[in-house]
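Reader: Could you walk me through the strands and the packing here?
Author: Gladly, let's take the strands to start with.

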Amino acid sequence: MLEVPPGAAEAVLQPSHPVPDSAVFVEGPDFETDVSLQQLLQSYERIGFQANSLGKAIDIVNRMRKWRLSDEPISPDESDEYADHDIRSRTRCNIFLGYTSNLISSGLRDIIKYLVKHKHVSAIVTTAGGVEEDFIKCLGKTYLADFRMDGADLRKKGMNRIGNLVVPNDNYCRFEDWLLPILDTMLAEQKATGEVWTPSSFIRRLGKDINNEESVYYWAYKNDIPVFCPALTDGSLGDMIYFHSFRSPGLIIDIVGDIRALNELSRKSKKAGMIILGGGVCKHQIANAMLIRNGADFAVYINTGQEFDGSDSGAHPDEAVSWGKIRAGAESVKVFADATLVFPLLVAATFAQRQLS
């Protein structure tokens, strides 16, 4: 009888150390029983891989939502205002929501509108497209299409492709017809008062004038939720401002006023959380504002970016910790996923949980 080669059995049958009592074992949902949406989403915590990350994101967002200043002991240097128990019980975590323009072009716009309408967020940072596409959707529809449609053929037909969506160029013509008279009025008000506009006051004015409950920024105007857009000219809005500057020069949009407003909102937050969909300007502008208060207390990133190229868009939360943009020991997670897939699930398990129940 041949013997097992020396060392082979030991290599294959390496004994395990005892598993800690706190270890969580992998388990999926049991479809042999009736499983509600909330039970399904709760099961993500134990499925593994990105489902596990989404489960952690759900838990972190719920912690943001539930936190009250009254949960914390009164610090020795606390102001008299925040020593009052009623005020402490009403002081909540400020949630800063960031997203890229393509998400407003998608059906996530309706979910973002829900969050703003019901005052679930304290501030928004987005891009120019993330602003203008909301108003353009009030003036004309965006349609489902295909990623593989021929660009030259679409150009001839006046159809603009955003991934597997298309927007008729007529919608942008309607946007110009709507926006240019507003720019005239804003310029006249600036000359009359001497007060210049900021990107956030500009967006607030458009939200007021659109007067349409389908709009995210109508509800931001109604609920006094500031919308910051550091790259306001990077899109159709910039095109319209460019055209207007020839016809009626003089309109001033001051980014300094907004960086002060955003940073001060961060600095004065007793607790601050970030929910950021995508990367680029909206991700870093929020994270950089958190630096003013020595970092966010909670952070949820949802994007498909990778960190091997050194981009901030792909950076993990721990990179932000090194900069002081997320606090050491803060609860944070990055979900590697297309936000259109997972953000509806995240909102269903958090902000919209009561409605769905």
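Reader: How many bridges join strand β3 to β5?
Author: This is a predicted model, where local features need pLDDT of at least 70, side-chain atom pairs count only at pLDDT 80 or more, and totals for chains, interfaces and linings use all residues. Residues are numbered from 1 along each chain as its sequence is written, and side-chain values use heavy atoms, leaving out hydrogens and water. Strands are DSSP runs (E, at least two residues), numbered from the N terminus, and they pair if DSSP finds at least two bridges between them. β3 (residues 143–144) runs antiparallel to β5, and the number of bridges joining them is two.

Reader: Which residue in β5 stands opposite Asn160?
Author: Strand β4 (residues 159–162) pairs with β5 in the antiparallel sense over four bridges. The two form a hairpin with two residues between them, and Gly163 in the turn has a positive phi of about 65 degrees. Opposite Asn160 stands Val167.

Reader: Which residues point the other way from Leu165 and Val167 in β5?
Author: In a regular strand, side chains alternate between the two faces of the sheet. In β5 (residues 165–168) all are buried (under 20% relative accessible area, 1.4 Å probe, protein chains only). Leu165 and Val167 point one way, and the other way point Val166 and Pro168.

Reader: Which residue in β5 does Tyr143 stand opposite?
Author: Tyr143 faces a partner across the antiparallel pairing of β3 and β5. That partner is Val166.

Methods. Buried means under 20% relative accessible area, exposed over 50%, partly exposed in between (1.4 Å probe, protein chains only).
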